[in-house]
Every structure is written in C-alpha cells, then in structure tokens.
Amino acid sequence: MKAQNIRTLCLILSIVLYLLVGAAVFDALESDSESSKKKSLEQKLNELKKKYGFTEDDYGEIERVVVQAEPHRAGRQWKFTGSFYFAITVITTIGYGHATPRTDAGKTFCMFYAVLGIPLTLVMFQSLGERINTLVRYLLRRAKQGLGLQKTEVSMGNMVLVGLLSCMSTLCVGAAAFSHFEGWTFFNAYYYCFITLTTIGFGDFVALQKTDALQKRPPYVAFSFIYILVGLTVIGAFLNLVVLRFLTVSTEEPDGRPEAGAEERERQPKDVQGDREVSEAAAETADAAYEEDARSSLCNLSLPMEGGTSCMNLLPSPVEERRHVLSEHSKLSEPSKLRALFCCMCRGLDIYDSPPPPHHDEAGGHSNPVFYNSISYRVDRASCSSCTGSTQASPSSRVPPPGKNNPHTRRKSL
C-alpha cells in the first residue's frame, strides 16, 4: 500500500474520530439543557391553552404566523439594502437563514448566483489575504530596521503571531460594537462574530434584525457590511498563512526524484562507456586506413646490422606508433588524443617528404648512413655472425644479400 493511501486513510479516520468526540461532548453539554427547555415550553403551552382555550390546530396556525413574521421585524428584507445583506451571506457562505427566497425565480437565480459568486469570492479573499501578509511582512521588516535590530528577517513565527493578534483584535472590536448596538452580552457578541467570520452562520444571532434597522439605521448597516467583509479578509489571511503553510497535507504523489537521480547515475557510466567504445572504433578505423597508406609510402626506413645478418627499424612502423598512441588514448583528453594523432601523421609525412640519402659504394663498407639524434636504440638479440662483426656505434650497415633469411632483432627505445 502506498504511503499516500495510508495518509488519506489516516485523515479519514481522524475526521471520523473528531466527529465522534465532538458529538459526545455536545451531547454531554447540551442534552440536559434541551430537555429542560422542552419541558418548560410544553408547560407554557398548556398554560396558554387553558387561559385562552385554543386547540392544537389554533396553536399550529399561530406558530406558523410568528415564524414567518420574524424576518420582517427588521423592515423590508428584499429592498436594496436587505438584498445586499442577503447577497453577502450567499457568496461568503455565511447563510444565516434569516431571509430566504420565496419565489421559484428567486430560488433559481440564487443557485446560479452562488455557483459563480462563491468561487470568485474565495479567490478574492485568498489573493487579498496574500497581499495583506506581504504588507505585514514589509511593515515588520521596517519596524525591525527602525529599532536597530541585527536580524531584520521576518520569520514565519512572527507572521503567525501577528496574524493571531489581528484575528483576536478583529473579533474583540466586533464584539464590543455589536454588544453596544444589539444589546447582547459581550460573550454572545463575540460568539456571533466568530460564527460569522468563520462562515458557519448558524443564524441564532443575526445583526440588523431589530425593528426597521435596515431602513432607519444606515450608519450601523454600513458598519455591519464593512465589518463582515474586512473581518473575512483578516481571517482569510490568517487561514492562508496557517492552514496552507502548516496544516494542509499535500495530496500529490511523490515525484520520485531520488529514483530518477539513481537511474541517471546508473545510466551515466554506460553512456560514457558507449562514447569511449565509439571513439575506439573510430580510432581503429583510422588506424587501418593509416596502415594501408604506410605500406605504400617510403616512411618505413630500416637499418641493417653489421655483417648483414640482421636488420632493424630506425623508426617504428606506423602500426606500432599507432598502437602506442592508442595505448595512451584512454589517458588523454579529447584535445590530447587529436594532437597525438596529428603528431604521428606529421612525423610520417616529414619522413616521406625528406630527400633520399646519398648512396655509396659497397667497397666502402657502409651504405646509407643515417643519423637520428632524437632516437636512441640498442640491440637486444643478434646472431653469432653479428657478434663477430664490426662494433661501430654509428647507425650504419651494409645492404643484406637478397634471398637470405635474416632474423630480425627487436629494439627498445631508451
């Protein structure tokens, strides 16, 4: 099982466990209060029935009228001000439920309006929250510079602390204002602000629902609208900072970069080895062509030994030189390889272009004297006749008799 599947399963189990814990806590806190409240209402209903003598049907009719008349206490809900308030609760997903469309046309338009408005609003709040975080980071940096601190970098802890203080301040300001205008306790007003700005929107506490508040108290209406929008922006900036940076678990699959890097590392020597094989094959092809040219050229100079019993090469054959170059091929870089090849070719061309040496008579005892200061050599093995011959150190020799099979000696460069 992949790690991504295990993580998703753990998240699902965590949410289910969190819901079970919440249900148990709310059951323990609210169940008894609900039971006592229900008994109190039933007792009050029985008292009204005895006092006014109406039946169950009459009570149901009165209850329906009271519920439907509740939203109209604040004035005309579907005038421009009330409609603007309703539109805010729709696109921000607050959804108090204090006013709902009654006509089919209004319900249809509300669905299409929400489909387009909710994503647009979420994107706007997220973008605005990022801009606010950028501004706060800039102000904090300037404040640190003004205080003369050595570290002017704004850490994530600083941003989280400022965001938390901003959220608490926004909630406290709203709680103070709504407790004054609505007559709620500070705790209930704080609770209303929290439920509103987190877009929960139970609807148990709703502002602007006093008698004709929408038409007769424009400053309070404007404050309520501005507070909701600004408060949602502040909360959105904090959630964007905390949730997206710390709490959101990425759902993307691992990109497998370590495995890709290992494959690349395993593949790289093979590529280098393939390039080396191609280079060696090309060198062998050039060697074969060069050998053919060398056989037909005059650059293969040989020096007979004394007594005409052996013959040795003053210059190594092109094949030997090429093999010597190839032995060093892997140790040289690409430019060094080219220089070695060109050097070998140029050496052969120089010998080929050199004028032929003068010929002397056999009576002189020597023929074709050639002196190479750059080449030193020695004879490793010679025949017996060569041992009895002349021991001159100069590199000269007689021409060997034709048809005679003379064993060649090998030389080594010193």
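**Exercise 1. In which loop is proline 71 found? Describe its surroundings.**

Step 1. Place the residue. Proline 71 lies in the loop between α2 (56–69) and α3. The model is predicted.

Step 2. Check burial. The cut-off for buried is under 20% relative accessible area. Proline 71 has 16% relative accessibility, so proline 71 counts as buried.

Step 3. List the contacts. Neighbours within four places in sequence are left aside. Proline 71 is then in contact with Gln77, His98 and Gln209.

Step 4. Look along the chain. Glycine 97 is 26 residues apart from proline 71, and their C-alpha atoms are separated by 9.5 Å.

**Exercise 2. Describe how α3 and α4 pack.**

Step 1. Set the geometry. Helix α3 covers residues 80–91 and helix α4 residues 104–146. They pack at an angle of about 65°, with axes 8 Å apart.

Step 2. Name the residues. From α3 come Phe86, Ala87, Val90 and Ile91. They meet Cys110, Tyr113, Ala114, Gly117, Ile118 and Thr121 in α4.

Step 3. Sort them by type. The contact has 8 nonpolar residues, 2 polar and no charged.

**Exercise 3. Map the largest nonpolar core.**

Step 1. Give its extent. The core has 28 residues. Those with the most contacts inside it include Tyr85, Phe178, Tyr192 and Ala207.

Step 2. Trace the elements. Two or more residues each come from α3, α5 (156–182), α6 and α8 (218–247). Helix α8 gives the most, with 9 residues.

Step 3. Zoom in on one member. Alanine 207 touches Tyr85, Phe178, Glu182, Trp184, Tyr192 and Tyr220, with residues up to four places away not counted.

Step 4. Add the general background. In soluble globular proteins, nonpolar side chains tend to be buried together.

**Exercise 4. Classify cysteines 10 and 167, and count the disulfides.**

Step 1. Apply the limits: buried is under 20%, exposed is over 50%, and partly exposed falls in between.

Step 2. Cysteine 10 is at 43% relative accessibility, so cysteine 10 counts as partly exposed. Cysteine 167 is buried because its relative accessible area is 6%.

Step 3. Search the whole structure. The result is 0 disulfides.

**Exercise 5. Decide where to read the model with care.**

Step 1. Take the overall score. The chain averages a pLDDT of 74, and 58% of the residues score at least 70.

Step 2. Find the extremes among the elements. Helix α6 (residues 186–197) has the highest mean pLDDT, 96. Helix α12 (residues 384–388) has the lowest, 42.

Step 3. Check two weak stretches. Over residues 255–264 pLDDT stays under 50, with 0 contacts beyond four places in sequence. Over residues 296–312 pLDDT also stays under 50, but the model has 63 such contacts there.

Step 4. Conclude. Where pLDDT is low, the predicted coordinates should not be read in detail.

Notes. Residues numbered from 1 in each chain as written. Predicted model: local features only at pLDDT ≥ 70, side-chain atom pairs only at ≥ 80, totals over all residues. Heavy atoms only, no water. Axes fitted to C-alpha atoms, helices over the stretch in contact; angles between N-to-C directions. Helix = DSSP H or I, 4+ residues; strand = E, 2+ residues; numbered from the N terminus. Contact = heavy atoms within 4.5 Å. Nonpolar A, V, L, I, M, F, W, Y, C, P; charged D, E, K, R; others polar. pLDDT = per-residue confidence, 0-100. Disulfide = S-S within 2.5 Å. Buried < 20%, exposed > 50% of the residue type's maximum accessible area, 1.4 Å probe, protein only. Core = buried A, V, L, I, M, F, W, Y, C linked by side-chain atoms within 4.5 Å.
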